[in-house]
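Please keep the sequence and the three-dimensional view side by side while you work through the exercises below, and try each task before you read its solution.

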Amino acid sequence: MPKISRRGQNIFSSPIRKFLPLVLEAEKRGIKVFKINVGDPDIAPPASFFPAIRSYQKKILPYAPSPGIKEHTAAWVKYYRGFGLKLKPADIIPTMGGAEAILLAITAVADPGDEFLIFEPFYASYKGFATMSGVKLTPVTLKVENNFALPPIKEIKSKINRRTRGIIIINPNNPTGMLWAKKDLAVLVKIAREHNIFIISDETYREIIFQGKPVSILQLPRAKDCAIVVDSASKRFSCPGARIGCVASYNKEAMRSILKFAMTRLSVPTLEQIGLVPALSNAGPYTKKIAAEYKKRRDVVLNALKKMPGVVCREPQGAFYIIAKLPVKNAEDFVKFMLTGFNYNKNTVMVTPAEDFYITKGLGRDEVRIAFVLNIKELKEAMEILAKGLAAYHRKSDSYKF
Ligand SMILES: Cc1ncc(COP(=O)(O)O)c(C=O)c1O
């Protein structure tokens, strides 16, 4: 049999999907699994979304232009105006979700063998994109005990070498829920400029914040040449199935190259681009509403975690995730236990073990990520079950630290 590629063999498998068979088996046994593992919003998209798609009148469904349908790209321009950004249509290219935006940004600025600094823990799909594009991710570790704060400049700089092409940031962050302020971004921009490298800023969750105003790296004048924003409609408009995102940058050379990559894959879905025009043109009312909802959910999760003995976590400032350090040796084993060896009145909970959000071996082994993607009532129930599960795990297992 012919052999597949090394990258095909090494491609990372999502920590989120890995436990799916155990979930299905639990459900077959009649157990309800509260799924707070995946960032799949349970909220309806803006009311304008489906009617805008239904308004499509043509009898044919042609390719959209590679740089996006004019009205759609214009709607992104308008959307960014809301944050004081004067991007032109040529500075924006719609993509198949933030996922493709990540891949296009990486491939436009880095060659195989090049490197990016990335703060761990981070959205694990970056590992897959690094494998696909042949680049190396160099981790800079953030710690829950330090509130996932930016490490000293010296430490960040010490990881930069002649192959480093950029720094990847996710703000607000999946999985930590942390938000970097403009002063943190200014530090990173200064480093990037000193070393003549890019910053890829993933702002998928920009408006899902629980304090202050939404921030984009593009608001920093000194970031103009070096910043590439990875963006997405999936979370802020609760429509991950639409598969719409974009890349935005004032760097003309990067955008020219990204456009050529975009031409190679032809285009982004036509109907979904049309569907998102009204939402992008008037994003504020919807995004404010969902941010308020996620804040309430954050409080439910945080208050419940604070009451669980031995659990360490920090208050997320944005996105809809929290990292919780559990009093267990191996969070993966705990997650398996919750799906296979535990139920409370035929209910259990699925959370994501956090180890795969790190590169450094051994980190995150006792941590899990929780996503606030259930309504308040269900979330309360899920957290109660999680607390009971932890206590049961404690009783059964000597891997518990207490
Ligand atoms: C930080 C971050 N970036 C990008 C994505 C990709 O999202 P999508 O491709 O649905 O836009 C996600 C999805 O969870 C994410 O959390």
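The exercises that follow concern a predicted model, and each task is followed by a worked solution.

**Exercise 1. The seven-stranded sheet**

Task: Determine the order of the strands in the open sheet of seven strands, and find which strands stand at its edges.

Solution. Begin with the order, which reads S2-S8-S7-S6-S5-S3-S4, with mixed pairing. Next look at the two ends of that order: strand S2 (92-95) and strand S4 (136-141) each have a single partner strand, so one side of each is left without a neighbour in the sheet. Finally, consider how the strands are set against each other: neighbouring strands of this sheet are turned by 25° on average, when direction is ignored.

**Exercise 2. Parallel and antiparallel pairs within that sheet**

Task: For the pairs S2 with S8, S7 with S8, S5 with S6 and S3 with S5, work out the direction of pairing and name residues that stand opposite each other.

Solution. Take the antiparallel pairs to start with.
- S2 and S8 run antiparallel and are joined by four bridges, and Ile93 stands opposite Val247 in S8.
- S7 and S8 are likewise antiparallel, with four bridges between them, and Val229 has Ala248 in S8 as its bridge partner.

Then turn to the parallel pairs.
- S5 and S6 run parallel and are joined by five bridges; Ile167 stands opposite Ile199 in S6, and Ile168 stands opposite Ile200 in S6.
- S3 and S5 are also parallel, with four bridges, and Leu117 has Ile167 in S5 as its bridge partner.

Reading these steps together, Ile167 is placed between two partners, Leu117 on the one hand and Ile199 on the other.

As a last step, ask how far these strands are covered. In S5, six of the seven residues are buried. In S8, Gly245 and Val247 point one way while Cys246 and Ala248 point the other way, and all of them are buried.

**Exercise 3. The cavity**

Task: Establish how many cavities of 30 Å³ or more the model holds, and describe the lining of the largest cavity.

Solution. The count at that cut-off is one cavity, and the space in the largest cavity is about 80 Å³. Its lining consists of Ile118, Phe119, Leu142, Ile168, Ile169, Ile170, Asn173, Thr176, Met178 and Trp180. When these residues are assigned to elements, strand S3 (115-120) and strand S5 (164-170) are the ones that give two or more residues to the lining, and S5 supplies the largest share, with three residues. Sorting the lining by class gives eight nonpolar, two polar and no charged residues. Ile168 therefore deserves a second look in the viewer, since this lining residue is also the one that stands opposite Ile200 in S6.

**Exercise 4. A network of salt bridges**

Task: Trace how Glu203, Arg206, Glu207, Asp231 and Arg236 are linked, and decide whether Arg236 and Glu207 are buried or exposed.

Solution. A search of the whole structure gives 21 salt bridges, and the five residues named in the task are linked in a network of them. Proceed pair by pair.
1. The side chains of Glu203 and Arg206 form a salt bridge at 2.8 Å, N to O, and both residues are buried.
2. Arg236 forms a salt bridge with Glu207, in which the closest N and O atoms are 2.5 Å apart. This pair links distant parts of the chain, 29 residues apart, with Arg236 in the loop between strand S7 (227-232) and strand S8 (245-248) and Glu207 in the loop between strand S6 (198-202) and S7.
3. Arg236 also forms a salt bridge with Asp231, where the closest N and O atoms are 2.6 Å apart, and both of these residues are buried.

To settle the second part of the task, apply the cut-off for buried residues, which is under 20% relative accessible area. Arg236 is buried because its relative accessible area is 0%, and Glu207 is buried because its value is 6%.

**Exercise 5. The four-stranded sheet**

Task: Give the strand order of the open sheet of four strands, and find which are its edge strands.

Solution. The order is S9-S10-S13-S12, and the pairing is antiparallel. The edge strands are strand S9 (312-313) and strand S12 (352-353), each of which pairs on one side only. Moving inward, strand S10 (residues 321-325) and strand S13 (residues 367-371) pair in the antiparallel sense over five bridges, and Ile322 has Ile370 in S13 as its bridge partner.

Definitions and conventions: Residues numbered from 1 in each chain as written. Predicted model: local features only at pLDDT ≥ 70, side-chain atom pairs only at ≥ 80, totals over all residues. Heavy atoms only, no water. 1 Å grid on protein atoms, 1.4 Å probe; cavity = no way out; pocket = protein on both sides within 12 Å on 5 of 7 lines; lining within 4 Å. Points joined across faces, edges and corners; volume = space filled by probe spheres on them. Nonpolar A, V, L, I, M, F, W, Y, C, P; charged D, E, K, R; others polar. Salt bridge = Lys/Arg side-chain N within 4 Å of Asp/Glu carboxyl O. Buried < 20%, exposed > 50% of the residue type's maximum accessible area, 1.4 Å probe, protein only. Pairing = 2+ DSSP bridges. Axes fitted to C-alpha atoms, helices over the stretch in contact; angles between N-to-C directions.
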